[in-house]
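Visitor: Before we look at the model, I would like to ask about the terms used for it, and about the values behind each of them.
Guide: Please do; we can take the terms in turn.

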Amino acid sequence: MTPAIEVRQVYKRFGALHALHGIDLEINTGEFFALLGPNGAGKTTLINIIAGLTLASSGSARVKGHDVVAEYREARRMLGVVPQELVFDPFFTVRETLLFQSGYYGIKKNNGWIDEIIHHLDLADKADTNMRSLSGGMKRRVLVAQALVHKPPVIILDEPTAGVDVELRQALWRFIKQLNRNGHTIVLTTHYLEEAEALCNRVAMLKNGSIVVLESVRNLISNISGHRIRLRLSPDTLPTALQLLAISHDQGYHVLAIEECCQLENVMAALRAAQTQILELQILQPDLEEVFVKIMHSAENLKPVSV
Ligand SMILES: Nc1ncnc2c1ncn2[C@@H]1O[C@H](COP(=O)(O)OP(=O)(O)OP(=O)(O)O)[C@@H](O)[C@H]1O
Ligand SMILES: [Mg+2]
């Protein structure tokens with residue numbers, strides 16, 4: 001089966017900066033895929049190349065088998081992109097913006113689908129409001145709507161929930177999950193790792209323009225062994241005997257890593273011996289955020305390449 005997205009040996013230079021450094025990536029039809037990485041890792045650059053908005057310095061990208069340069073129109077028609085930056089025409093209303101966007105794809109009668117999108121993104125009250133009068137979160141909803149007007153089989157969302165309230169976040173994910181169930185391929189970038197963990201099947205982690213991890217969410221998390229204990233103590237000092245287990249100390253909470261649950265007894269004994277009182281105790285399971293932090297620290301060798 002033709003992959004939804006196929007990226008081969010993509011390099012991108014901005015002057016001396018190598019923003020992408022030999023990216024190879026295949027995303028299958030029907031996947032809910034997360035593209036993660038710290039600020040400046042190259043996520044938006046890669047998305048712009050896939051969307052045909054930026055030219056790669058070398059390498060190629062295809063959407064549903066269509067080369068994004070040689071077959072730009074076909075590739076673009078297969079793809080809906082929710083951009084990270086808010087860009088819009090202030091003089092159109094929400095509905096006009098969506099009708100205009102439909103026209104751009106040569107779709108004449110699109111009111112039924114536009115109504116559906118407006119409903120799912122909770123924009124009905126604002127359908128006849130000019131774009132310039134919308135709040136930031138509302139504008140972002142319109143960007144999502146715009147990406148969906150031509151029912152693209154592949155949808156890329158570049159930080160769609162930045163600055164968006166809880167209610168829309170939930171409504172948006174319900175809608176996007178439904179699109180995914182209906183066969184649409186979804187690619188998501190986000191700095192909210194719990195969102196990626198809850199929604200996505202597979203993840204690519206990008207660092208300094210290179211993919212440092214490409215794995216299923218389940219495997220990534222299950223590769224982190226053991227449990228975490230989160231403690232608030234009085235006095236707020238970890239007894240020396242436990243310092244080897246410590247992985248963080250933040251805002252009065254100590255997090256310890258243990259391999260087996262039975263080690264909890266030793267932790268309790270060490271606290272008792274030090275006459276340290278437990279104010280709070282939680283057992284945490286490893287999550288994607290922990291994997292991310294670990295990987296980003298362990299991939300320190302991959303520095304940005306400048307010439
Ligand atoms: N048009 C441009 N001209 C010069 N440098 C650029 C340009 N666009 C991006 N860059 C640089 O390329 C690198 C990758 O940027 P990119 O926007 O792809 O990162 P990102 O992973 O999307 O980050 P964020 O999480 O902050 O959105 C950064 O160092 C950025 O400064
Ligand atoms: Mg970005």
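Visitor: How far apart do the C-alpha centres of domain 1 and domain 2 lie?
Guide: In this predicted model, the C-alpha centres of the two domains lie 42 Å apart, where domain 1 covers residues 5–221 and domain 2 covers residues 227–284.

Visitor: Why are helices α4 and α6 called oblique to each other?
Guide: Helix α4, residues 111–120, and helix α6, residues 166–181, pack at an angle of about 135°, with their axes 9 Å apart. Angles over 145 degrees count as roughly antiparallel and those from 65 to 115 as roughly perpendicular, and because the angle falls in neither range, the two helices are oblique to each other.

Visitor: Which residues make that contact, and how do they divide into nonpolar, polar and charged?
Guide: Trp113, Ile117 and His120 contribute from α4, while Ala171, Phe175, Gln178 and Leu179 contribute from α6; the residues of this contact divide into 5 nonpolar, 2 polar and no charged.

Visitor: What makes Thr44 and Gln84 donors of the magnesium ion, ligand 2?
Guide: A donor here is an N, O or S atom within 2.8 Å of the metal, and OG1 of Thr44 and OE1 of Gln84 lie 1.9 to 2.1 Å from the magnesium ion, so both meet the cut-off. Thr44 belongs to helix α1, residues 43–50, and Gln84 to the loop between β6 (79–82) and α3 (94–104), so the pair ties together parts that are 40 residues apart in sequence.

Visitor: Why is Thr44 described as partly exposed?
Guide: Thr44 has a relative accessible area of 25%, and since buried means under 20% and exposed means over 50%, Thr44 falls in between and is called partly exposed. Gln84 is partly exposed on these terms too, with a relative accessible area of 25%.

Visitor: What makes α1 mostly covered?
Guide: Of its 8 residues, 6 are buried, namely Lys43, Thr45, Leu46, Ile47, Ile49 and Ile50. The helix is followed by Gly52, whose phi is positive, near 75°.

Visitor: Where is His227 placed, and which residues does His227 touch, not counting those up to four places away in sequence?
Guide: His227 is in strand β11, residues 227–234, and, with that exclusion, touches Leu256, Ala257, Ile258, Glu259, Glu260, Cys261, Ile283, Leu284 and Gln285. His227 and Leu264 are 37 residues apart in sequence and 9.9 Å apart in space, C-alpha to C-alpha.

Notes:
Residues numbered from 1 in each chain as written. Chains lettered and ligands numbered in written order. Predicted model: local features only at pLDDT ≥ 70, side-chain atom pairs only at ≥ 80, totals over all residues. Heavy atoms only, no water. Domains from an automatic or database assignment. Axes fitted to C-alpha atoms, helices over the stretch in contact; angles between N-to-C directions. Parallel < 35°, antiparallel > 145°, perpendicular 65-115°, else oblique. Contact = heavy atoms within 4.5 Å. Nonpolar A, V, L, I, M, F, W, Y, C, P; charged D, E, K, R; others polar. Donors = N, O, S within 2.8 Å, 3.2 Å for Na, K, Ca; no water. Buried < 20%, exposed > 50% of the residue type's maximum accessible area, 1.4 Å probe, protein only.
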